[in-house]
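Welcome to a short tour of some backbone and side-chain details. Please have the sequence and the 3D view open as you read.

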Amino acid sequence: MTPSKLRPGRYVLFGALGLSLVAGGVVAQAALTKNPAEVRAGDYALDSGHGKITWSVNHLGFSTYYGQFVNVKADLKLNPANPSASSLTATIPLTDVAPNDDRLKAHLQTADFFDTANHPTATFVSRSVTVDAANANEATVVGDLTLRGVTRPVTMEVTFNQAGTAMGSYKTGFDGEATIKRSEFGINYALPAISDEVKLHIEGEFNIVQ
């Protein structure tokens, strides 16, 4: 049906709906912010469907091998007015590792690697949050990583992406990078053929807790 054949009332109705959709999109977009000072303070919980840890190692010099930890749980206390008062705690289920290889997944559960029979989870607890003086969207988070019953300090470089209301909830999102040495946690299997250094990329969308 062409616009000329539409009844006037229906045409007005469709036009009003179209304008409301456009206006709604503009409002939703305007509600998002990339300025960390504008983020709501409060307690946040990680959306596990949009939060994971990707790890990579050098494999025998032939490739960089990637895998992921999924179903991560994390709690964030966010204080934009005083970022140093913010904190992050996370629990990583080591059985929920996704290396895209069933045999490797089973091997990672053994004492050669994670020893999940005795240590099914790893944890991270932040000790300090320091915002970059030159870029308020960048911060350094120092905390304690406990893996296989061993606790070591880890430094994570974090980037704030944006915050705002989307998909029915107020949320904020970050990406992070860190590097650890697995030998410091007692994981010595196949060193040095498989690299001691493990690079971590952390991504997370956090929903505010109502």
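In which loop is the place of Ala 190? Ala 190 sits in the loop between β9 and β10 of what is a predicted model. The loop between β9 and β10 also holds Pro 192, and a cis peptide bond with omega of about -5° joins Leu 191 to Pro 192.

Ala 190 is not a glycine, yet its phi is positive. Asn 71 also has a positive phi without being a glycine. As background, most residues other than glycine have a negative phi, and most peptide bonds are trans. Here are the two residues with their values:

| Residue | Phi | Loop | Relative accessibility |
|---|---|---|---|
| Asn 71 | about 60° | between β2 (63-69) and β3 (73-78) | 41%, partly exposed |
| Ala 190 | about 60° | between β9 and β10 | 30%, partly exposed |

Now let us turn to a pocket. The second largest pocket has a volume of about 200 Å³. Among its 15 lining residues, Gln 162, Lys 171, Thr 172, Gly 173 and Glu 205 are the closest to its centre. Strands β1, β8 (150-166), β9 (169-181) and β10 (197-208) each supply at least two residues of this lining, and β8 gives the most, with 5 residues. By type, the lining has 4 nonpolar, 7 polar and 4 charged residues.

Finally, have a look at Asp 47, in strand β1 (residues 42-59). Asp 47 touches Lys 171, Glu 205, Phe 206 and Asn 207, leaving aside residues up to four places away in sequence. Asp 47 is buried but has no salt bridge; Lys 171, the nearest side chain of opposite charge, is 4.5 Å away.

Terms used
Residues numbered from 1 in each chain as written. Predicted model: local features only at pLDDT ≥ 70, side-chain atom pairs only at ≥ 80, totals over all residues. Heavy atoms only, no water. Helix = DSSP H or I, 4+ residues; strand = E, 2+ residues; numbered from the N terminus. Buried < 20%, exposed > 50% of the residue type's maximum accessible area, 1.4 Å probe, protein only. Lys, Arg positive; Asp, Glu negative; His and termini not counted. Salt bridge = Lys/Arg side-chain N within 4 Å of Asp/Glu carboxyl O. Contact = heavy atoms within 4.5 Å. 1 Å grid on protein atoms, 1.4 Å probe; cavity = no way out; pocket = protein on both sides within 12 Å on 5 of 7 lines; lining within 4 Å. Points joined across faces, edges and corners; volume = space filled by probe spheres on them. Nonpolar A, V, L, I, M, F, W, Y, C, P; charged D, E, K, R; others polar.
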